Amino acid sequence: MSRRISPTAPSGTAARISLEGVGDVVDAGSRSGYAHLRERRAPTLGRLCSAARDAAAVLAAPSRWPERRGRWQPAPRHARLHAGGGMRVSVVALEPNSFVAGTQVRGGRSGSLEVLHLVGGRAHLIDSGPDGWMRSAAELAPGRTRVVGAPVGGGRRGQQFLVNTGDEVAVVLRVTA
């Protein structure tokens, strides 16, 4: 003899649903006592990359490139407007065969995020170890944003350089959080 089970409850017995035992639903929107679940105010990598692309689009015209060469400097105001709170936008213009020091991770800022976006020209990011030998070289591709990590040698010992490897002025935009 087979029994037929109905997916709905009989009309005479109404099932009463309570959220009392479901902690995730009851606690939604309230603060958690766990440190790893707290709200994070730092921008995500996606927001950094989006801000870099938008700021680079503003600087696409060579007439808007920085006049000073060879030094990181704050990006023009119209390019910085695309970065939200907690993000800093800087730019460097490099003459052919010149370089500038890149990322330097400071002791207290190990969790900082940084992206580079090539606005114009041709450039490579060079990573050297504590002995001065080149560990890696990565080309910055036009129209692509590169996430920058800590130097291979580790913090203070290793160092990164941004090198213009083309025949024209290279302009690179940096967004940090």
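Let's start at Arg174, which is found in strand β9. Keep in mind that this is a predicted model, and that everything below was computed from it. Arg174 has a relative accessibility of 16%, so it counts as buried, the cut-off for that being under 20%. What does Arg174 lie over? The answer is the face of Trp72, at 4.0 Å from the ring centre. Trp72 also turns up among the contacts of Arg174 once neighbours within four places in sequence are left aside. The others on that list are Arg88, Val89, Ser90, Gly102, Glu114, Val115 and Leu116.

Now step back to the strand that carries this arginine. Strand β9 belongs to an open sheet of 5 strands, and the order across that sheet is β1-β2-β9-β4-β7. The pairing is antiparallel. At the edges you'll find β1 (73–74) and β7 (145–147), each of which pairs on one side only. Follow β1 inward and you reach strand β2, residues 88–94; these two pair in the antiparallel sense over 2 bridges. If you'd like a spot to click on, Pro74 stands opposite Ser90 in β2. Ser90 is also one of the residues in contact with Arg174.

This sheet has a helix packed on it, namely α2, residues 45–58. Which strands does helix α2 touch? They are β2, β4 (114–120), β7 and β9 (170–176). The direction of the helix makes about 20° with that of β4.

On to the other sheet. It is open as well, with 4 strands in the order β3-β8-β5-β6 and antiparallel pairing. Strands β3 and β6 (134–140) stand at the edges with a single partner strand each, so one side of each is left without a neighbour in the sheet. From one strand to the next, the twist averages 20°. Inside the sheet, strand β5 (residues 123–128) pairs with β8 in the antiparallel sense, over 6 bridges. To find your way along that pairing, look for Ser128, whose bridge partner in β8 is Gln159.

Strand β8 also takes us to the aromatic residues. How many aromatic pairs does the structure hold? Just 1. The partners are Phe99 and Phe161, arranged edge-to-face, with 5.6 Å from centre to centre and 85° between the planes. Phe99 lies in strand β3 (residues 99–101) and Phe161 in strand β8 (residues 159–164), so the pair ties together parts that are 62 residues apart in sequence. As for exposure, Phe99 counts as exposed, at 53% relative accessibility. Phe161 is partly exposed, with a relative accessible area of 23%.

With both sheets in view, the chain as a whole is easier to read. It has 3 helices and 9 strands. Going from the N terminus on, the elements run α-α-β-α-β-β-β-β-β-β-β-β. Take the contacts in the chain between residues at least 6 apart in sequence: 74% of them join residues at least 24 apart. The Phe99 and Phe161 pair, which links parts 62 residues apart, gives you one place to look at such a separation.

Finally, the surface. The chain has 177 residues, of which 33% count as buried, and Arg174, where we began, counts as buried too. The chain exposes about 12200 Å², and carbon and sulfur atoms supply 51% of that area.

Terms used: Residues numbered from 1 in each chain as written. Predicted model: local features only at pLDDT ≥ 70, side-chain atom pairs only at ≥ 80, totals over all residues. Heavy atoms only, no water. Phe/Tyr/Trp six-rings, centres within 6.5 Å; stacked < 30°, edge-to-face > 60°. Buried < 20%, exposed > 50% of the residue type's maximum accessible area, 1.4 Å probe, protein only. Lys NZ or Arg CZ within 6 Å of the ring centre and 35° of its normal. Contact = heavy atoms within 4.5 Å. Areas by Shrake-Rupley, 256 points an atom, 1.4 Å probe, with all protein chains shown as cover. Pairing = 2+ DSSP bridges. Axes fitted to C-alpha atoms, helices over the stretch in contact; angles between N-to-C directions.
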